[in-house]
Amino acid sequence: MILVVIEHTGSALKSSTGELLAFAARLGQDFGMPIVAAILGSETTRVVEELQARNVDRILVVDDPALAEYSPEKYLHALKTIIETQKPSIVATAHSARGMDFMPRLSVVLRKPLVSGCVDYERIGDRIVFTRPIFNAKLNMKLEPREATPYLVTIMPGAFPADSVPASGTSETGKAIESIKVNFSGVSSRRRVIGQTETSAGKADLSSAAVIVSGGRGLKQKENFSLIFDLAKALNGAVGASRPVVDAEWLPREYQIGSSGQTVAPKLYIAVGISGAIQHLVGMSGSRCIVAINKDPEAPIFKVAHYGIVDDLFKVVPVLTKLIIDLKAK
Ligand SMILES: Cc1cc2nc3c(=O)[nH]c(=O)nc-3n(C[C@H](O)[C@H](O)[C@H](O)COP(=O)(O)OP(=O)(O)OC[C@H]3O[C@@H](n4cnc5c(N)ncnc54)[C@H](O)[C@@H]3O)c2cc1C
């Protein structure tokens, strides 16, 4: 079986859930394995209900006040209990800050291999070979775990598009929910959370945006970014940027897309004045439809673009924005 460790906010599933379940659905089909989701937290009723509508066969819930606040030690303790009893072949979670925090620890405790930042896999006979980017995504590495299962894997955002599987595939809603009792007494946390700050919603909410309009150094100066914001607004989309834009402080770091920024996979990605360096491509090439606007016909962005406009962005973008506004008004 495939055990997927689901991330949630306490009241809702995180957007990584869809991609995680898309990975699990493909793997489950390829290897004939059921998908079992694990929810860890306190007062989890709402997220469990939400998960019931998703493509999972069983849901394991560890609901305990001890898990009200994330603690790697308590996560490890709960997951170790689940893994020892359920004996999964694969344990997968999102390649998020939390996933990257507890999965390496779990790997050490269980002495099992971890593939972090998986972007693909292939089945070779009964074996599984994972792919993960290395050297700032300049190369892809193929890895075949050698030890006995379970294999641990974190799934890179954007690698397995959430809409590649139906919201509730083979499984039916109302699926089995099993409550797992874990004794947390004696498990202490080595750190204390002193506060949490959420990024203000809508500002650069790139992970769940269906449309992203991204600007690069071709915009020449900060003030010209209003062209990007106007186009994004017309399309009800979010704004992204290449690294030089962020380095020049035209926009805050949270807007950066690429190997040292966010990985995104929107339905539509419009790259404006972006050359398409590999470090940028790795963060957006999973987008469904890529449109590039660049005056240089040789720019590498055109190699991944589905549609390209070779022209001056200062001419093209205002016309495009007006066209979209006019179309919406009809
Ligand atoms: C360790 C490391 C990590 C990195 N991480 C990232 C990352 O996460 N994200 C990232 O984006 N980069 C990253 N980079 C930087 C990356 O290598 C590139 O330098 C960067 O992506 C280039 O940004 P750009 O395309 O905006 O600028 P440029 O490469 O300068 O491209 C500007 C483009 O605009 C076009 N242009 C100019 N004027 C116009 C106009 N008037 N109309 C139309 N087109 C025009 C040009 O033809 C050109 O193609 C990283 C680099 C390193 C070394």
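**View 1. Strands S7 and S8 pair in the antiparallel sense.** In this predicted model, five bridges link strand S7 (residues 127–134) with S8. If you would like one pair to start from, take Pro133, whose bridge partner in S8 is Asn140. Stepping back, S7 and S8 belong to an open sheet of three strands, with the order S6-S7-S8 and antiparallel pairing. Its edges are strand S6 (120–124) and strand S8 (139–143), each of which pairs on one side only. From one strand to the next, the twist averages 25°.

**View 2. Helix H1 lies across S6 and S7.** Here we bring in the helix, which runs at about 5° to S6. H1 covers residues 16–31, and its end C-alpha atoms are 23 Å apart. How does that agree with the expected span? At 1.5 Å a residue, the 16 residues should span 22 Å, so the two values agree. Look along the helix for its buried residues: Thr17, Gly18, Glu19, Leu20, Leu21, Ala22, Phe23, Ala24, Ala25, Leu27 and Gly28. A general reminder may help while tracing them: an α-helix has 3.6 residues a turn, so residues three or four places apart point the same way. Just after H1 comes Gly32, with a positive phi of about 65°.

**View 3. Strand S2 is covered on both faces.** Spanning residues 35–41, S2 has seven of its seven residues buried. In a regular strand the side chains alternate between the two faces of the sheet. On one side of S2 you will find Ile35, Ala37, Ile39 and Gly41, and on the other Val36, Ala38 and Leu40, all buried.

**View 4. S1 and S2 run parallel.** Strand S1 (residues 2–5) is joined to S2 by four bridges. A handy place to begin is Val5, which stands opposite Ala38 in S2. Following the chain from S1 through H1 to S2 traces a β-α-β crossover, and this crossover is right-handed.

**View 5. S2 and S3 run parallel.** Now for the pairing of S2 with strand S3 (residues 58–63), where six bridges join the two. Val36 of S2 stands opposite Arg58 in S3. The connection goes from S2 through helix H2 (residues 45–52) to S3, and this β-α-β crossover is right-handed.

How values were computed:
Residues are numbered from 1 along each chain as its sequence is written. This is a predicted model: local features need pLDDT of at least 70, side-chain atom pairs count only at pLDDT 80 or more; totals for chains, interfaces and linings use all residues. Side-chain values use heavy atoms; hydrogens and water are left out. The expected span of a helix is 1.5 Å times one less than its number of residues. Buried means under 20% relative accessible area, exposed over 50%, partly exposed in between (1.4 Å probe, protein chains only). Two strands pair if DSSP finds at least two bridges between them. A crossover is right-handed if, with the strands pointing away from the viewer, the path from the first strand over the helix to the second runs clockwise. Axes are lines fitted to C-alpha atoms, for helices over the stretch in contact, and angles run from 0 to 180 degrees between N-to-C directions. Contact means heavy atoms within 4.5 Å.
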